[in-house]
Amino acid sequence: MDQTRNPYTPGAGKPPPALVGRESELAAGRTVVDRTAQGRSATAPIFYGLRGVGKTVLLKALHTQADAAGWLTVEIEGKQEASEQQHTRRRLARGLVSAARRTVGRRTALTDTWRRALGTISSFSAAAGATGVEVSLGVDPSRGRGDTGDAEMDLEELVHDMVPALQESRTGLGIFVDEIQDLDPSTLSALISVQHRAGQNGWPFHLYGAGLPNVPARLADVRSYAERFHFVQIGALSAADARAAFADPAAEEGVTYEPAALDRLVAASGGYPYFVQVFGDQAWRLAPGPDEIVLSDAAVAIAEATSVLDDSLFHSRWNRATPAQKTLMRAMAEDSGRSQIADLVTRLGKRKPSDLSVSRDGLIKKGLIYAPDRGLLQFTVPHMDDYIRRQHES
């Protein structure tokens, strides 16, 4: 195949040629933008699910929708490091300044409401340690607004002062947080609290998020009223959508799949968008062509893609675990899908479930496993159990 025409985009967070099977999520995002423009209330989604299902790509797509509508948008990512609170506030501040600069650049003149909004953004950002803010926005900071150092108070004052300008321009303020479960507790609590206040008062502020399956529980632990968020579970693609995700980009380049080859690749990918891109990429790279991918090509591609995933996706996560945590993961890998903690206790020769608590909690904090229900554990990365079994066999 001509490698310059390879349509597949393997890699975490890289947008595929088309967001197949995610039409309802994209439509819901457009509804939030449209209702905000009409001055109506709306609730942004918080996506959650296993790794590799395309949550980050969806979040970026909704971010693009908001940008196109002229919103002020900020993108941040949760980090597991304990010292992240101040860094997160600086990233948020820099993002606000950058978004405000784009807004200023689109306007021929600043109204008084926008000057007041920019003044509070300057004050908030300067207090966070961002430099050059006054020069960047061309306004003086609004001293005494958004600059106390208390995350929740400052963020609420910031959004409150921005509301008149946002309503005047019929736009919104969107904060897009990837890996939201890893956001530091102070910032996460502040964002949830301000989103709650925005919902009560009809403010055009929207918190979007994406993260692991434990996101609803994590947000509820931080703030009890977080259950009012619009949580959207993202799973694997249906067989029909997975077939389209493989076949349609190739067809655009004049290449077809033999039906048996397509069936084999869809089954191997499990319908997970990340795996679809990796398997499709290898099929394209390895097929002699010139215009069809056949069953023998798919078999070779699956073997090579599995090796690529082992080296790039699974190996790094496996190495993050301690020896005791790896022991627990090996025991989990003996199951297909979810593991019963009671079975793991017996399998590992322990006396009671609490004997697994340290390893279990450490793996959950590292984002390698989660508890889908009481007494159950599951890997956050699809096919992680297959990788561990392969390592054990080798």
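Where in the chain is Glu179 found? Glu179 lies in the loop between strand E3 (173–178) and H7, where helices (H or I, at least four residues) and strands (E, at least two) are DSSP runs numbered from the N terminus.

## Basis of the model

This is a predicted model, in which local features need pLDDT of at least 70 and side-chain atom pairs count only at pLDDT 80 or more, while totals for chains, interfaces and linings use all residues. Residues are numbered from 1 along each chain as its sequence is written, and side-chain values use heavy atoms, with hydrogens and water left out.

## The chain as a whole

The chain has 16 helices and 10 strands. Its radius of gyration is 24 Å, close to the 21 Å that the globule rule gives for 394 residues, so the chain is as compact as a globular protein of that length; the radius is taken over C-alpha atoms, and the rule is 2.2 Å times the number of residues to the power 0.38. Taken along the principal axes, the box that the C-alpha atoms fill is roughly 65 × 60 × 35 Å. Ala93, which has its place in helix H3 (residues 84–106), and His392 are 299 residues apart along the chain, and their C-alpha atoms are separated by 47 Å.

Of the 394 residues, 51% count as buried, where buried means under 20% relative accessible area, exposed over 50%, and partly exposed in between (1.4 Å probe, protein chains only). Ala93 counts as buried, at 0% relative accessibility. Among the contacts (heavy atoms within 4.5 Å) with a separation of 6 or more, 72% are accounted for by residues 24 or more positions apart.

## Surface and charge

The accessible surface of the chain comes to about 17700 Å², and 48% of it belongs to carbon and sulfur atoms; accessible areas come from the Shrake-Rupley method with a 1.4 Å probe, and for residues only the protein chains shown count as cover.

There are 45 positive and 48 negative side chains, and the centres of the two sets lie 5 Å apart. In this count Lys and Arg are positive and Asp and Glu negative, with His and the chain ends not counted, and the place of a charge is taken as NZ of Lys, CZ of Arg, CG of Asp or CD of Glu.

## Helices H4 and H7

Helix H4 (residues 112–127) has 16 residues, which should span 22 Å at 1.5 Å a residue, and its end C-alpha atoms are 23 Å apart, which agrees; the expected span is 1.5 Å times one less than the number of residues. The buried residues of H4 include Trp114, Leu118, Ile121 and Phe124. Gly129, with a positive phi near 100 degrees, follows this helix.

For the 17 residues of helix H7 (residues 185–201), the expected span is 24 Å, and the end C-alpha atoms are 24 Å apart, which agrees. Among the buried residues of H7 are Leu188, Leu191, Val194 and His196. After H7 comes Gly202, whose phi is positive, near 75 degrees.

## Links between distant residues

Thr36 is found in helix H1 (residues 23–37) and counts as buried at 6% relative accessibility. Leaving aside residues up to four places away in sequence, Thr36 touches Trp71, Thr171, Gly172, Pro204 and His206.

Met153 has its place in helix H6 (residues 151–169) and is partly exposed, with a relative accessible area of 42%. From C-alpha to C-alpha, Met153 and Val194 are 9.0 Å apart in space, with their positions 41 residues apart in sequence. Arg389, in helix H16, is partly exposed at 28%, and its C-alpha atom is 7.7 Å from that of Glu334, although the two are 55 residues apart in sequence. When residues up to four places away are not counted, Arg389 touches Ala333 and Asp335.

## Positive phi outside glycine

Most residues other than glycine have a negative phi. Glu179 nevertheless has a positive phi, near 50 degrees, and counts as buried at 16% relative accessibility.

His383 is not a glycine either, yet has a positive phi of about 70 degrees. This residue is found in the loop between strand E10 (376–379) and helix H16 (384–393), and His383 is partly exposed, with a relative accessible area of 24%.
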